[in-house]
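Subject: Handing over the structure

Hi,

Here is the structure I promised to pass on to you. Please open it first, then read on for what I found.

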Amino acid sequence: MGVTGVPPFPRARAGLARPAASAVEQWTTCAWLLAVEARAYLEDLEGGGEQPEMRQVVKLRLLELLADVDARLAGAQPPGEDHLLALALELGLVEVAALSGDALIGAAGLARGALDTSGDDGGVHELWDAILDAFPGAVPDPLVAEGQGEVLRALQAWSKLAAEAGTDAGYLRPFLEDA
Amino acid sequence: MTSGTAPPPSLETFLGADPDAFVASRRRSAEAFLATRGLGLADVARIAAGGAPGSPVVLLTSSPVHGLANRLSDIDTICVAAEDDDGVAGMATQLFSGDNHLETIVFTTAAVDEDLRELGRLATAPPAQAAAGHGAWNRRRRIRVKYLERIVNGLATDGSMPYAEHLPALGAVWRAASLGRALRCGALAVIAERAGERRGRVAYAANAALFAMDAVLSHRGDVFSNRKWYLLRWERLLASGAAGDEVDAVETLRAALYGPIGTQPELAGPLAAALGTVAGRLGAPGVRVAVRHAEGVRRAPLLPGAEMLLAPAGGAVPTTASGEAVAPTALRDLAALEPERAAVVLRAARAGAVEVDPWA
């Protein structure tokens with residue numbers, strides 16, 4: 001994995017299973033968060049070439065998102081928004097990739113300081129590409145024209161998947177509203 | 001803590017500028033942005049109105065009207081229609097015209113007016129209530145809070161800002177919401193520092209600084225919801241020559257955060273000083289925070305020396321001591337927590353068993 005050299009999703013790769021109902025909800029929710037929210041942050045980074053202050057905060061928000069995804073994949077309830085950045089910087093990531101807080105800070109170009117806008121974004125793109133490549137399956141891209149169809153097909157598949165796993169598909173409803 | 005019940009200032013006082021000049025400047029920002037897409041305000045009116053019933057007022061909203069849009073920014077519009085016979089209100093839709101696409105959402109005049117009245121009521125409430133109202137808004141009201149902010153800040157396609165008179169009320173409520181968030185993050189930073197989280201405390205403190213920036217900006221006429229813009233808007237405020245104790249206080253806090261994450265010396269003092277000044281200048285003096293059990297939290301023994309805390313949302317986490325709740329305390333005094341107790345409080349907060357109340 002580029003700058004960090006650690007493979008993403010180590011426990012899933014290694015075949016550690018979790019009770020079906022919660023695993024289905026966790027993986028689909030994480031796919032959604034990456035598809036919709038993480039992609040929006042990456043687009044903000046791309047468009048904000050002349051707005052380093054905006055990109056700095058977007059990087060912090062991306063780390064918050066990764067901490068949220070990490071907690072869900074660990075089978076934990078993600079803590080409130082207030083805590084996500086602290087968890088990312090203090091604990092690093094475990095499920096998304098084995099990255100210590102310091103390693104994550106380095107990868108995200110935050111080594112000079114939390115609000116220091118002189119760091120570069122290259123590491124963030126490498127991290128994102130590695131996560132996207134390693135995610136099981138093609139994460140839809142709602143920011144492109146074809147993406148709307150991909151998103152709807154994913155939601156349909158997940159509805160059936162939830163039924164198959166014996167879980168209530170009600171958790172998908174907010175995604176439908178966002179879609 | 002009770003203050004902040006005075007009505008919001010006049011629009012001119014709030015903006016610190018002549019309202020007509022302010023609107024004209026927004027129009028210029030919007031038109032400059034639209035020109036990069038080969039569009040004018042009239043085109044936006046035509047395209048957006050195509051997706052709405054009747055002859056709606058079409059508002060251009062979000063980063064383009066704030067002069068923050070970049071080459072990838074969306075063209076976000078809101079249509080305010082007299083009626084909604086087709087039942088399209090509240091659902092965002094994408095509209096395409098040539099190479100351009102814009103997003104629009106329809107609300108009725110009646111719904112907008114009703115929510116603006118509620119905004120006006122909240123704006124005269126004490127900060128704790130205004131912040132709580134903002135936090136609960138999306139559960140209780142029809143128009144989501146981010147859209148309400150966009151409507152008030154929106155530029156109509158005729159170049160006017162039909163809802164500008166509500167900016168002072170918007171500012172008062174957004175100020176309270178961001179101040180509350182800054183104080184919560186500040187308290188968590190102090191607790192995390194005592195618990196030994198050298199990097200975690202910086203995370204909380206950085207967010208405390210960002211929310212403090214937005215609170216001051218909202219107080220000074222610049223109201224815009226998304227955290228990603230806070231630092232850039234703050235730099236813009238500084239570049240405009242803004243001065244004052246609260247501006248200096250935020251800059252002092254920023255300075256305390258310089259350098260590699262985790263290497264900072266004690267942050268509790270700078271946080272308490274900066275947030276105390278900001279809160280005092282923004283109508284909420286005498287800041288105290290408390291840590292309270294979430295409603296419905298339970299505990300049961302696990303082993304000698306440990307219990308399981310059973311949080312209301314269904315999660316559970318082991319804890320090795322009681323004392324995860326903290327009585328109302330000044331931020332500075334929160335720094336006197338024993339490290340082991342601070343760790344217990346932090347763990348319980350992350351597990352949802354306790355909540356930080358910044359308005360105690």
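Let me start with a pair of helices in chain A. Helix H2 (residues 20-47) of chain A packs against helix H6 (residues 122-134) of chain A with the axes 12 Å apart and an angle of about 155°. That angle makes H2(A) roughly antiparallel to H6(A), because angles over 145 degrees are counted that way. The crossing of H2(A) and H6(A) is left-handed. If you want to look at the residues themselves, H2(A) brings A:Leu34, A:Ala38, A:Arg39, A:Leu42 and A:Leu45. From H6(A), they meet A:Val124, A:His125, A:Trp128, A:Ile131 and A:Leu132.

H2(A) has a second partner in helix H7 (residues 147-165) of chain A: their axes cross at roughly 170° and come within 9 Å. H2(A) is therefore roughly antiparallel to H7(A) too. On the H2(A) side, the contact involves A:Ala20, A:Ala21, A:Val24, A:Thr28, A:Ala31 and A:Trp32. H7(A) answers with A:Val151, A:Leu155, A:Trp158, A:Leu161, A:Ala162 and A:Ala165.

Before going further, a word on confidence. This is a predicted model, with an ipTM of 0.95 and a pTM of 0.96. Chain A has a mean pLDDT of 92, with 97% of its residues at 70 or more. For chain B the average pLDDT is 93, and 99% of the residues score at least 70. Within chain A, helix H4 (residues 81-91) has the highest mean pLDDT of the elements, 98, while helix H8 (residues 173-178) has the lowest, 80.

Now to the interior. Which residues have the most contacts inside the largest nonpolar core? They are A:Leu34, A:Leu63, B:Leu179, B:Leu271 and B:Leu334, in a core of 126 residues. Helix H8 (residues 200-219) of chain B supplies the largest share of this core, with 14 residues. Another core lies apart from it and has 53 residues, including B:Ile78, B:Ala81, B:Tyr163 and B:Ala172.

Two of those leucines deserve a visit. You have already met A:Leu34 in the pairing of H2(A) with H6(A). Setting aside neighbours within four places in sequence, A:Leu34 is in contact with A:Arg39, A:Leu66, A:Val69, A:Trp128, A:Ile131, A:Phe135 and A:Val139.

A:Leu63 is part of helix H3 (residues 52-73) of chain A. Is A:Leu63 buried or exposed? Its relative accessible area is 2%, so A:Leu63 is buried. Not counting residues up to four places away in sequence, A:Leu63 touches A:Leu85, A:Ala88, A:Leu89, A:Leu104, A:Ala108 and A:Leu110. The C-alpha atoms of A:Leu63 and A:Pro79 are 14 Å apart, with their positions 16 residues apart along the chain.

Over in chain B, two polar residues caught my eye. B:Ser178 sits in helix H7 (residues 167-194) of chain B. The relative accessibility of B:Ser178 is 5%, so it counts as buried. Leaving out neighbours within four places in sequence, B:Ser178 contacts B:Phe211, B:Asp214, B:Ala215 and B:Tyr230.

B:Asp222 is found in the loop between H8 and helix H9 (230-239) of chain B. With 15% relative accessibility, B:Asp222 also counts as buried, because the cut-off is under 20%. Beyond residues up to four places away in sequence, B:Asp222 touches B:His66, B:Leu217, B:Arg233 and B:Arg236. B:Asp222 and B:Leu167 are 55 residues apart along the chain, and their C-alpha atoms are separated by 9.0 Å.

Last, a point about the backbone. Most residues other than glycine have a negative phi. Where should you look for positive values? A:Phe9 is not a glycine, yet has a positive phi of about 50°. A:Phe9 lies in the segment before helix H1 (10-13) of chain A, and its relative accessible area of 3% makes A:Phe9 buried. B:Ser62, not a glycine either, has a positive phi of about 70°. You will find B:Ser62 in the loop between strand S1 (57-61) and strand S2 (75-81) of chain B. B:Ser62 is buried as well, at a relative accessible area of 12%.

Happy exploring, and best wishes!

How values were computed:
Residues numbered from 1 in each chain as written. Chains lettered and ligands numbered in written order. Predicted model: local features only at pLDDT ≥ 70, side-chain atom pairs only at ≥ 80, totals over all residues. Heavy atoms only, no water. pLDDT = per-residue confidence, 0-100. Helix = DSSP H or I, 4+ residues; strand = E, 2+ residues; numbered from the N terminus. Core = buried A, V, L, I, M, F, W, Y, C linked by side-chain atoms within 4.5 Å. Buried < 20%, exposed > 50% of the residue type's maximum accessible area, 1.4 Å probe, protein only. Contact = heavy atoms within 4.5 Å. Axes fitted to C-alpha atoms, helices over the stretch in contact; angles between N-to-C directions. Parallel < 35°, antiparallel > 145°, perpendicular 65-115°, else oblique. Left-handed = near helix turned anticlockwise from the far one by under 90°.
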